[in-house]
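Biologist: Before we discuss this protein, may I see its sequence and its model together?

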Amino acid sequence: MNGRFWARHAWTGTLERDVPNDVPNDVPNDVPSDVLSDVLIEVSDGRISEIRASAAPGDAVILDGLVLPGLANAHSHAFHRALRGATQSGGGTFWTWREIMYRVAAALTPESYLRLARAVYAEMALAGITCVGEFHYLHHAPGGAAYDDPNAMGEALIEAAAQAGIRITLLDACYLSSGFGLPPDETQLRFSDGSADAWAERVSALKDRDHARIGAAVHSVRAVPAAGLGVVARWAGERQAPIHAHVSEQPAENEGCLAAYGVTPTRLLADHGVLGPRATAVHATHLTTEDVALLGGSATTVCMCPTTERDLADGIGPAREVQEAGSPLSLGSDSQAVIDLFEEARAMELDERLRTRRRGHWTAAALLRAATTDGHASLGWPEAGRLEVGALADLVTVSLDSVRTAGPSQALSHGLSHGLSHGLETAVFAATAADVTDVVAGGRVIVRHGVHQLVPDVPRALREAIAGLGA
């Protein structure tokens, strides 16, 4: 796609990850904000070919707000969107919530999953997400029988992303057991290929395409026996593909792993070659000191999903510790309790404030890095997530005059230097998905003035897709 876009303001950030630990909380961060004004962005073949500040718009598409790189949702289960608002009455735990989730999983077909995922990915686009990492384990028909196309469910997700105008990394998950040494239960038969080798054979038939890349996933150490972990790791290694895994989301998982293998989940994954720069540990909530060192020392990304982790009462993960140990951070919407990467980003900082009773663990730019550059990299799209020549032309416009963002950021309009910084901080710490007005993915306009150009009535699409499940 070719085109010209003119941004009232654009963040071309230095993408620093954090601020030094020894900076007092009452001392301003002097790192430049890199928010430019009157920015002309030229696009050729879906990539940024030129960026020029202090330029006239001419005939370019005007993006009137603060333009950021496209956001990366590094961890999604699209069908969980059908649970939103349906699991909040009464009490319970992650495990009681999971039983309700399984009822929705049992109702899906390739056709209904396409309709639901298309609507969910359109909702993501409205929130500024241009790439999703779909952690996919719903592979087969009820009872475990393969569809005529064994990858029918995965293909439905890939097609859904295309119809919603975003990119996808299909993280095809190996899922073989209901617990340590236990066979899958009735619903989980849909998830299982029977063996890791059978999983590898099936997923090998999936192919990359312009908007989609194929990665691997270990659902969890409770769902993949130790003997199968190496199979998944080798499959990903041979293809240089991303590999993701749920890790230590619940204390019960740690206890079961220690009982079965005598080591923590992180150590088990490390011992079988799963960890490394192409790997992402999702949640990583309940870690030991050694676990933190293993993740950081291997440069394994950690994907935090704060809105889901708090919705399911999972706990607050040690995001700061793993990053200081060497792990990049990414963010995900996971169970779709909300779809809002701005909320995920600031929740990581705010949760850390609650845990430590101290402010200022990450700058706004560092939180944006997790939502953009490092998120895309964890999904196997290193050419995305930043505004620079050669990068994929993903542009997200955040309104600076909504009821949430109006105020300090208006200084941008007057060229005040402190306003440039405040504009970025307002986007991260005050804006929501509702403040996204325009989205460009690979040079293609997919959201204009708050309206999805391919799925014009996203609420209706969601309503009809969820009602059609009858779960």
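Modeller: The questions below concern confidence, the core, a cavity and a pocket.

Modeller: This is a predicted model, in which local features need pLDDT of at least 70, side-chain atom pairs count only at pLDDT 80 or more, and totals for chains, interfaces and linings use all residues. Residues are numbered from 1 along each chain as its sequence is written, and side-chain values use heavy atoms, with hydrogens and water left out.

Biologist: What pLDDT does the chain average?

Modeller: pLDDT is the predictor's confidence in each residue, from 0 to 100. In this chain 90% of the residues score at least 70. The average over the chain is 91.

Biologist: Over which residues does pLDDT stay under 50, with 32 contacts beyond four places in sequence?

Modeller: Where pLDDT is low, the predicted coordinates should not be read in detail. One stretch with pLDDT under 50 has 11 contacts (heavy atoms within 4.5 Å) beyond four places in sequence, namely residues 412-419. The stretch with 32 such contacts is residues 14-32.

Biologist: Which helix gives the most to the largest nonpolar core?

Modeller: A nonpolar core is a set of buried Ala, Val, Leu, Ile, Met, Phe, Trp, Tyr and Cys residues joined through side-chain atoms within 4.5 Å, where buried means under 20% relative accessible area with a 1.4 Å probe and protein chains only. The largest one has 133 residues, and F79, Y113, Y121, I168, W235 and M348 have the most contacts inside it. Helices are DSSP runs of H or I, at least four residues, numbered from the N terminus. With 9 residues, the leading contributor is helix α2 (residues 110-126).

Biologist: Which helix gives the most to the lining of the second largest cavity?

Modeller: A cavity is a set of points on a 1 Å grid over the protein atoms alone where a 1.4 Å probe fits but cannot get out, and lining residues have an atom within 4 Å of a point. The second largest has a volume of about 60 Å³, and its lining includes M304, M348 and D351. Both α9 (306-311) and α11 (341-356) supply at least two residues. The greatest share, 3 residues, comes from α11.

Biologist: How many charged residues are in the lining of the second largest pocket?

Modeller: A pocket is an open set of points with protein on both sides within 12 Å along at least five of seven lines. This one holds about 430 Å³ of space, and among its 19 lining residues R167, D210, H211, A441 and G442 lie nearest its centre. Asp, Glu, Lys and Arg count as charged. Beside 7 nonpolar and 4 polar residues, the number of charged residues is 8.

Terms used. Buried means under 20% relative accessible area, exposed over 50%, partly exposed in between (1.4 Å probe, protein chains only). Grid points are joined across faces, edges and corners, and a volume is the space filled by probe spheres set on the points.
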